[in-house]
Amino acid sequence: QPAAVLRRREVLLELERVDAEFGAAPSPTMAVYKAQGEVAAPFDRVVALVYPPSDADQMVRKAWNRDILETRIVDAFEDAADGFVEEVRVRYERHHLPVVSERDWLMVEAMKTFQAPLPTQPDAPRTRGFLMFQKSTEHPAVPLRPGCVRGEILHTSIIVHEATPGQSLVTMTANTNAKGMIGRIPKGMLAVKAQDYMLALLHGMEAALT
């Protein structure tokens, strides 16, 4: 079992938290941010790009996040999270960052599909939805990598709603600690950079699908 097993309550809280305002970050290296936008692509295609099947080429994620140098599934678990989510697996990912050392992340991630109104139209009929939720974990197969700083994910989520047959509403939230020398960046500047980064991911996702 991963050190941080996702439970039903955690996933429910994440669903409720998506539209909440986040408070101040607890440390200079902590990025707390949210981005939301429409992607001109059908729901199923967006979900496949965000959460490729475990037996598929995981580097498809690089199509919308150019910082990825490596990403792979380390482990997968059945019936974790009390059967509430549909799949739980452990992902390793290594990123390039300008100027500073590479960052890598080891995370447990869960996915769930659901039916809900669009958050921007709460009175509208329910449509298909998808949630991917991640947080840091440990795994004996992935020790610390020399020359790479291991970041911490308190929580990251991507939620996809089917807006129209050809449009998807994507919401990204994250509370991450990149650690290392990034802590020298003033907190206000870091928040701006984090928001810009998330918006760039949304644009990259749309470019990869159109």
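**Note on the charged side chains**

1. Glu109 has a relative accessible area of 0%, so this residue is buried. The coordinates come from a predicted model, and the points below should be read with that in mind. The acidic side chain has a basic partner: Glu109 and Arg89 meet in a salt bridge, with N to O at 2.6 Å. The two residues belong to distant parts of the chain, Glu109 to strand β4 (residues 102–116) and Arg89 to strand β3, with their positions 20 residues apart in sequence. Arg89 is likewise at a relative accessible area of 0%, and therefore buried.

2. Arg61 and Glu93 make another salt bridge, in which the closest N and O atoms are 3.2 Å apart. This pair also links distant parts of the chain: Arg61 sits in the loop between α2 (43–50) and β2 (68–77), whereas Glu93 is in strand β3 (residues 87–95), and they are 32 residues apart. Arg61 is at 5% relative accessibility and so counts as buried. For Glu93 the relative accessibility is 5%, which means that this residue counts as buried.

3. Where in the fold does the salt bridge of Glu162 and Arg128 sit? The side chains meet at 3.1 Å, N to O. Glu162 is part of strand β7 (residues 152–164) and Arg128 part of strand β5 (residues 127–136), so the contact ties together parts lying 34 residues apart in sequence. Glu162 counts as buried because its relative accessibility is 19%, and the cut-off for buried is under 20%. Arg128, at 30% relative accessibility, counts as partly exposed.

4. Some of the charged residues are not confined to a single pair. Glu70, Arg72, Arg94, Glu102 and Arg145 are joined in a network of salt bridges. By the distance rule applied here, the count for the model comes to 10 salt bridges.

5. A separate point concerns Asn177, an uncharged side chain. Asn177 is placed in strand β8 (residues 167–177). Is Asn177 buried or exposed? At 9% relative accessibility, Asn177 counts as buried. Its side chain reaches the backbone nitrogen of Lys179 at 3.0 Å, which lies within the 3.5 Å allowed for a polar contact.

6. In summary, strand β3 holds Arg89, the partner of Glu109 in strand β4, and also Glu93, the partner of Arg61. Arg128 is the partly exposed member of the pair with Glu162.

Methods:
Residues are numbered from 1 along each chain as its sequence is written. This is a predicted model: local features need pLDDT of at least 70, side-chain atom pairs count only at pLDDT 80 or more; totals for chains, interfaces and linings use all residues. Side-chain values use heavy atoms; hydrogens and water are left out. A salt bridge is a side-chain nitrogen of Lys or Arg within 4 Å of a carboxyl oxygen of Asp or Glu. Helices (H or I, at least four residues) and strands (E, at least two) are DSSP runs, numbered from the N terminus. Buried means under 20% relative accessible area, exposed over 50%, partly exposed in between (1.4 Å probe, protein chains only). A polar contact is a pair of N or O atoms within 3.5 Å; within protein, one must be able to donate a hydrogen and the other to accept it, and residues adjacent in sequence count only if both atoms are side-chain atoms.
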